[in-house]
Amino acid sequence: MLEISSTDTNEIIVPWYHQDSIWRGLSAIFNTNSFSARDSIFDMFCIHDRINYASPFYPAIYIRYDTTISWTHNWQINQLVTGYSELDEFIAEYEYYIQASDPNYNFLVLNTQMLLNPSPVAELFSDFEGIVIAIPELITSNGSRIQYQVINGFQLFDFTLAWGDSLAGCVNNHTWSFRVDPGNCVVEYLGLDSYVLSDFPDPINCNITSIEDDLPSLNSAISIFPNPASDIITITGKELTEVEVWNGYHYVESYHSKQKNTLTLDLHLFKPGLYFVKVESKHTSIVHKLVLR
């Protein structure tokens, strides 16, 4: 938002259209089948997966407080609720929690899993009596991460696999770089930047586009036809429970059944294009590509 001089820089909740522009760029990389690096970042090492993130970049706020103000005693003993009603309501509204604190130096770090814009939030924290300073906490521990920037109108995405702890952070960094033209979603693989001193970690193998498990026969038994299709598709498998249809950018529709072996879906209202169909059964899960024409 700062790079494009957006008037939304004062918004606490990051507007959906800013999120969507990044999401579309990520989706373009996800949907490409031209580069093996795409499989490494999404299927093998799962750098997109927050559960496996060593370094999630949430909007943390670093706060110094005045210990002569009575309500700050609760923060000194690591209690989030202060008794200062307006402050407590603000913290609760944006789901902040105490990430770190040090009563010897009168500071704490508040964090949240909501997608917030930390600069205006920090300014609002500064308005509460007893808070000496509140600034975005920009220092995070190193770890696997996705970094994003816009240069000359192109979206640049760096997917970094990081491992091996040291006092300065992760020793090993292996970064795959992509460039996306947001006008047409054309993806260019820019190559690797690697600083590796030890063996690679074992892949996580989340396999979000080619589910692998101990039931390959069941996976192969799930089928979708016709494909390509124009309107009606049939899904067959053993004890099907749920089907989700995605258009490559976001979730479109879901269908539920009570462990049927056949489902028929009418997609005549969907626009032509590439879709992903995630099929869940009692035994397994698999993702198929579907072309509508």
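Phe128 has four partners to look at once its neighbours within four places in sequence are set aside: Tyr84, Glu86, Leu87 and Phe90 are in contact with Phe128. This is a predicted model. Phe128 sits in a loop, the one between helix H5 (118–126) and strand E4 (131–136). Is Phe128 buried or exposed? The relative accessible area of Phe128 is 13%. Buried means under 20%, so Phe128 counts as buried.

Tyr84 deserves a second look. Tyr84 and Phe128 are 44 residues apart along the chain. Their C-alpha atoms are separated by 9.3 Å. On the partner side lies helix H4, residues 85–93. Helix H4 is also where confidence is highest in the chain, with a mean pLDDT of 96.

Now follow the chain past the loop. Strand E4 holds Val132. Val132 has a relative accessible area of 58%. The cut-off for exposed is over 50%, so Val132 is exposed. Val132 also belongs to a nonpolar surface patch. Ile133 and Ile135 make up that patch together with Val132, and its area is about 250 Å².

Next, helix H1, residues 16–31. Does its length fit the rule, and what span should its 16 residues have? At 1.5 Å a residue, the expected value is 22 Å. The end C-alpha atoms of H1 are 21 Å apart, which agrees. Several residues of H1 are buried: His18, Gly25, Leu26, Ser27, Ala28, Ile29 and Phe30. As background, an α-helix has 3.6 residues a turn, so residues three or four places apart point the same way.

Step back to the whole chain. Six helices and 13 strands make up its list of elements. The chain has 293 residues, and 39% of them count as buried. Consider contacts with a separation of 6 or more: residues 24 or more positions apart account for 56% of these. The chain exposes about 16,500 Å². Carbon and sulfur atoms supply 53% of that area.

Last, confidence. The average pLDDT of the chain is 82, and 86% of the residues score at least 70. Where is confidence lowest? The answer is helix H6, residues 216–221, with a mean of 47. Over residues 211–220 the pLDDT is below 50. Beyond near neighbours in sequence, this stretch has 15 contacts in the model.

Terms used:
Residues numbered from 1 in each chain as written. Predicted model: local features only at pLDDT ≥ 70, side-chain atom pairs only at ≥ 80, totals over all residues. Heavy atoms only, no water. pLDDT = per-residue confidence, 0-100. Helix = DSSP H or I, 4+ residues; strand = E, 2+ residues; numbered from the N terminus. Contact = heavy atoms within 4.5 Å. Buried < 20%, exposed > 50% of the residue type's maximum accessible area, 1.4 Å probe, protein only. Areas by Shrake-Rupley, 256 points an atom, 1.4 Å probe, with all protein chains shown as cover. Expected span 1.5 Å × (residues − 1). Patch = residues over 30% accessible without salt bridge, like charges linked within 9 Å, V, L, I, M, F, W, Y side chains within 5 Å. Salt bridge = Lys/Arg side-chain N within 4 Å of Asp/Glu carboxyl O.
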